[in-house]
Amino acid sequence: KHVPMYRRITEFINKNKSIAAMQIGHSGRKAACGPPWTNFQPLTASDAGKGMPPWQGVSASAVAHRADAQAPHALTVTEIREVIDAWREAALRTLDAGFEMVEIHGAHGYLLSQFLSPISNLRQDRYGGDLQGRMAFPLEVARAVRAVWPRHKALGVRLNATELDERAITIDQALEHVRAFKAVGVDCVTMSAGNAVPGRTYPPLVPGY
């Protein structure tokens with residue numbers, strides 16, 4: 001039902017000789033939280049009365065992203081396939097809505113970066129373990145989106161250059177991520193930084209940190 005409304009926006013943008021782009025993503029274990037002005041406080045039973053009932057997030061492993069958040073459900077291999085299908089469907093809706101570019105969000109502690117990070121991905125199957133295993137699911141998402149997204153339209157991915165934690169994604173690993181996404185047909189990369197690492201004190205969160 002959102003597609004016709006988005007199409008009004010993309011038609012206006014295209015008519016004015018600009019490019020309309022859509023970012024698609026999955027919150028993973030960072031689901032069921034309040035807005036930014038609450039510091040993304042996890043929803044509780046008391047929020048249900050305000051029309052915002054909490055729900056269980058999913059992730060690579062059953063590891064909460066902060067001490068006051070519920071542990072997510074660790075995705076099974078079957079569920080991973082379902083999530084990949086959902087990403088493919090999101091790309092098709094993006095195309096139908098008239099967007100000229102789509103970006104896969106794989107940064108900021110959302111689901112794909114939860115698989116990429118050795119802190120949040122403790123799996124022992126083919127979707128975890130070493131760098132190649134942790135990249136497997138995000139790359140399958142990229143292949144699925146690329147398969148339905150026209151080659152003459154740009155496909156991007158947003159990635160963490162660092163997680164600001166010596167135990168997590170490093171610059172060298174991030175470069176490996178970039179090379180792998182390029183190999184499966186991603187055209188451009190937006191490098192970002194940061195993740196929800198429990199117990200980690202970040203640099204001051206100011207513009208441009």
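## Strand 1 and its partner

In this predicted model, strand 1 and strand 4, the latter spanning residues 101–106, run parallel and are joined by four bridges. Two of the residue pairings can be named: Ala21 has Met101 of strand 4 as its bridge partner, and Ile24 stands opposite Ile104 in strand 4.

The two faces of strand 1 differ in their cover, for Met22 and Ile24 belong to a covered face, while Ala21 and Gln23 belong to an uncovered one. Ile24 therefore joins two descriptions, being on the covered face of strand 1 and standing opposite Ile104 in strand 4.

## The sheet as a whole

Strand 1 and strand 4 belong to an open sheet of four strands, whose order is 1-4-5-6 and whose pairing is parallel. Strand 1, residues 21–24, and strand 6, residues 188–193, stand at the edges, and because each has a single partner strand, one side of each is left without a neighbour in the sheet. On average, and with direction ignored, neighbouring strands of this sheet are turned by 25° against each other. In general, the strands of a sheet pair through backbone hydrogen bonds, in either a parallel or an antiparallel manner.

Toward the other end of the strand order, helix 6, made of residues 171–183, lies across strand 5 (154–162) and strand 6. The direction of helix 6 is at about 165° to that of strand 5.

## The second largest pocket

The second largest pocket holds about 320 Å³ of space. It is lined by 15 residues, of which Ile24, Ala86, Ala90, Arg93 and Thr94 are the closest to its centre. Ile24, already met on the covered face of strand 1, is thus also one of the residues closest to the centre of this pocket.

Which elements each supply at least two residues of the lining? They are helix 1 (3–15), strand 1 and helix 3 (77–96), and helix 3 gives the largest share, with six residues. By residue class, the lining of the second largest pocket divides into nine nonpolar, four polar and two charged residues.

## The loop before strand 1

Between helix 1 and strand 1 runs a loop in which Ser18 lies. Is Ser18 buried, exposed or partly exposed? Its relative accessible area is 39%, which is neither under 20% nor over 50%, and Ser18 is therefore partly exposed. Ser18 and Asp68 are 50 residues apart along the chain, and their C-alpha atoms are separated by 43 Å.

Conventions. Residues are numbered from 1 along each chain as its sequence is written. This is a predicted model: local features need pLDDT of at least 70, side-chain atom pairs count only at pLDDT 80 or more; totals for chains, interfaces and linings use all residues. Side-chain values use heavy atoms; hydrogens and water are left out. Two strands pair if DSSP finds at least two bridges between them. Axes are lines fitted to C-alpha atoms, for helices over the stretch in contact, and angles run from 0 to 180 degrees between N-to-C directions. Contact means heavy atoms within 4.5 Å. Buried means under 20% relative accessible area, exposed over 50%, partly exposed in between (1.4 Å probe, protein chains only). On a 1 Å grid over the protein atoms alone, a cavity is a set of points where a 1.4 Å probe fits but cannot get out, and a pocket is an open set with protein on both sides within 12 Å along at least five of seven lines; lining residues have an atom within 4 Å of a point. Grid points are joined across faces, edges and corners, and a volume is the space filled by probe spheres set on the points. Ala, Val, Leu, Ile, Met, Phe, Trp, Tyr, Cys and Pro count as nonpolar, Asp, Glu, Lys and Arg as charged, and the others, Gly among them, as polar.
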